[in-house]
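Reader: I am new to this structure and would like a close look at a single part of it, namely the place where nonpolar side chains come together. Please take me there slowly, and set that part within the chain as a whole.

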Amino acid sequence: MSELKLTRINKFLSEIGFCSRRAADKLIEQGRVKINGEVPLMGTKVSDEDEVSVNGKVVHRAKNKKMVYLAFNKPVGIVCTTDQFRERDNIIDYINYPTRIF
């Protein structure tokens with residue numbers, strides 16, 4: 001029997017690129033996230049076998065998709081955030097990599 005990898009729901013939503021962990025916490029607090037049809041508590045853990053939905057739409061990890069990790073010597077003034085809407089000088093826009101990065 002293989003052991004399932006469990007991940008906190010906010011981290012799961014962040015890892016799949018849906019939103020940041022903070023934004024996920026807000027969605028969970030607002031009751032807009034469901035796990036297997038049930039509204040979860042903050043900190044609930046999920047596996048890849050669980051059905052996670054946000055605003056009624058199922059979200060999931062992309063199968064067989066390679067994650068990209070970059071080492072980067074960040075210049076002063078560039079902020080390490082993926083929030084491109086609130087932070088003008090964010091690292092995502094600065095690097096301008098064509099796929100999601102971590």
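**The nonpolar core and its surroundings**

Author: In this predicted model, the protein chain has an accessible surface of about 7900 Å², and 50% of that area belongs to carbon and sulfur atoms. Of its 102 residues, 25% count as buried. The chain holds three helices and five strands, and these elements follow one another from the N terminus as β-α-α-β-β-β-β-α.

As background to the part you ask about, nonpolar side chains tend to be buried together in soluble globular proteins. Here the largest nonpolar core has 13 residues, and those touching the most other members are I9, F12, L13, V33, V46, V52 and V54. Two helices, α1 (9-15) and α2 (21-29), and two strands, β2 (33-35) and β4 (52-54), are the elements that each give two or more residues to this core. I9, F12 and L13 thus fall within the range of α1, while V33 falls within that of β2 and both V52 and V54 within that of β4.

V46 is a useful residue from which to look around: once its neighbours within four places in sequence are set aside, V46 is in contact with K5, L6, T7, I9, F12, I35 and V52. Among these partners, I9, F12 and V52 are also named with V46 as core residues that touch the most other members. For the chain in general, 42% of the contacts with a separation of 6 or more are between residues 24 or more positions apart.

The two strands that contribute to the core also belong to an open sheet, in which three strands lie in the order β2-β4-β5 with antiparallel pairing. Its edge strands are β2 and β5, each of which pairs on one side only, and neighbouring strands are turned against each other by 35° on average, direction ignored. Between β2 and β4 there are three bridges, and one of the partnerships across these strands is that of K34 with S53 in β4.

For comparison, there is one aromatic pair in the chain, formed by F72 and Y94, with ring centres 5.8 Å apart and planes at 55°, a tilted arrangement. Because F72 lies in the loop between β5 (57-59) and α3 (91-95) while Y94 lies in helix α3, this pair ties together parts that are 22 residues apart in sequence. F72 is partly exposed, at a relative accessible area of 35%, and Y94 is likewise partly exposed, at 45%.

Technical notes
Residues are numbered from 1 along each chain as its sequence is written. This is a predicted model: local features need pLDDT of at least 70, side-chain atom pairs count only at pLDDT 80 or more; totals for chains, interfaces and linings use all residues. Side-chain values use heavy atoms; hydrogens and water are left out. Helices (H or I, at least four residues) and strands (E, at least two) are DSSP runs, numbered from the N terminus. Buried means under 20% relative accessible area, exposed over 50%, partly exposed in between (1.4 Å probe, protein chains only). Contact means heavy atoms within 4.5 Å. Accessible areas come from the Shrake-Rupley method with a 1.4 Å probe; for residues, only the protein chains shown count as cover. A nonpolar core is a set of buried Ala, Val, Leu, Ile, Met, Phe, Trp, Tyr and Cys residues joined through side-chain atoms within 4.5 Å. Rings of Phe, Tyr and Trp (its six-membered ring) pair if their centres lie within 6.5 Å; planes under 30 degrees apart count as stacked, over 60 as edge-to-face and the rest as tilted. Two strands pair if DSSP finds at least two bridges between them. Axes are lines fitted to C-alpha atoms, for helices over the stretch in contact, and angles run from 0 to 180 degrees between N-to-C directions.
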